[in-house]
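Here are my notes on this model, as numbered points. Please read them with the structure open.

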Amino acid sequence: MAEAREDSGPAADQQPTEVMSRLLRTKPIHMALDPSGGAITHWQHDPVHDVVAPMVDHVIMTFPTGSQRFERRTGRSLVTGTARPGVMTIVPTGSSSRWDIPEPLNCIQLYLPQATLQRVANEADISAPGDLMERTAHSDPITSRLLMSAADVLDGNAALDALFRQQITDLLAIRLLSAHTGMPPAYRPAQGGLAPSVLCRTIERLRSDADADVSLAALAADAGLSRFHFCRAFKESTGLSPHNWLRQHRLEQAMTLLRDPHNSVAMVAVSLGYTSQTAFAAAFRRLTGETPSDWRRHKL
């Protein structure tokens, strides 16, 4: 997730690949830069239950393999989709959503600068292209195939590879302009939700490994709100109360640690701040239906 900033717009000084690497806690298995300033990345990542802050570029993604249900919440709007071949998702620049992806996911993402979209529109004599529409698991085999082709690499000739990538990025921009622009969606983020900069700052504080005060009173004071209004606004923005968000985050940390067979359950409990292994096991089982030992046995 992007670092907290005073403005409420996208983090202009952070590359989307850096933002996604921090959020997904992994590096892309393949990344190719586009001469126009964008990038194409291929990710294989673990479950995600987090807010993705606004990006400086449009994000277009598709899913080469598998079939995975997920939820995406923007304000009061909740969309459930299935990530599978032939569908694509569009996150326009400036859009912030909470994602709940319960299983590992294989996806390809294109980070498309608005300048590239505008240039292609100008070349097509489209003086005022409509806003790029938000899409979630939208069936579009043409865009999906183009995006998967864009992730291919032409080995042995860097110049041809760069030209290929620029041409196919332009084709993707043409496809988006022809099939995925129009009026903005009817819904808007809920009034009363946290401002993006405040939400980012709060999430960073909750995720911090430092001894930061993450009590409701401290978080509300940092946001300049009463505890009641802060809790309500946080839930409007993320779909979870601060307490439940933190519990979910600790569960994800526990799963990451448990995947390492060298980490004992007792060590994981201590590292996450639980008073005992029993308390950790009880909390883990409430959220997953399994004890940490049983969960590890199924995953390793």
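1. Start with Leu257, which sits in helix α8 (residues 242–258). The model is predicted. Is Leu257 buried or exposed? Neither: its relative accessible area is 25%, and buried means under 20% while exposed means over 50%, so Leu257 counts as partly exposed.

2. Next, the surroundings of Leu257. Neighbours within four places in sequence are set aside here; beyond them, Leu257 touches Asn263, Val268, Ser271, Leu272 and Arg296. Leu272 lies 15 residues away from Leu257 along the chain. The C-alpha atoms of this pair are 9.8 Å apart.

3. Now helix α1, which spans residues 16–24. Its buried residues are Pro16, Thr17, Val19, Met20, Leu23 and Leu24. Why do they line one face of the helix? Viewed down the axis of α1, the buried residues fall within an arc of 160°, so they line one face. The general rule is that an α-helix has 3.6 residues a turn, so residues three or four places apart point the same way.

4. What covers that buried set in α1? The cover includes four strands and a helix: β1 (30–33), β2 (39–45), β3 (48–52), β9 (105–112) and α5 (196–207). Check the end of α1 as well. Arg25 comes just after the helix and has a positive phi of about 60°.

5. On to an open sheet. It has 4 strands, ordered β3-β8-β5-β6, with antiparallel pairing. β3 and β6 (77–83) are the edge strands, each with a single partner, so one side of each has no neighbour in the sheet. On average, neighbouring strands are turned by 20° against each other, direction ignored.

6. Look at one pair within this sheet. β5 (residues 68–74) runs antiparallel to β6, and 7 bridges join the two. Thr74 faces Ser77 of β6 across the pairing.

7. Last, the cavities. How many of 30 Å³ or more does a search of the whole structure find? There are 4. The largest holds about 190 Å³ of space. Its lining has 17 residues, and the closest to the cavity centre are Met20, Val52, Met61, Trp99 and Gln109. Two or more lining residues come from each of α1, β3, β4 (58–62), β8 (97–101) and β9.

8. One link to follow up while viewing. Met20 is among the buried residues of α1. Met20 is also one of the residues closest to the centre of the largest cavity. β3 and β9 both help cover the buried residues of α1, and both give two or more residues to the cavity lining.

Definitions and conventions: Residues are numbered from 1 along each chain as its sequence is written. This is a predicted model: local features need pLDDT of at least 70, side-chain atom pairs count only at pLDDT 80 or more; totals for chains, interfaces and linings use all residues. Side-chain values use heavy atoms; hydrogens and water are left out. Buried means under 20% relative accessible area, exposed over 50%, partly exposed in between (1.4 Å probe, protein chains only). The arc is that of the directions from the helix axis to the C-beta atoms. Contact means heavy atoms within 4.5 Å. Two strands pair if DSSP finds at least two bridges between them. Axes are lines fitted to C-alpha atoms, for helices over the stretch in contact, and angles run from 0 to 180 degrees between N-to-C directions. On a 1 Å grid over the protein atoms alone, a cavity is a set of points where a 1.4 Å probe fits but cannot get out, and a pocket is an open set with protein on both sides within 12 Å along at least five of seven lines; lining residues have an atom within 4 Å of a point. Grid points are joined across faces, edges and corners, and a volume is the space filled by probe spheres set on the points.
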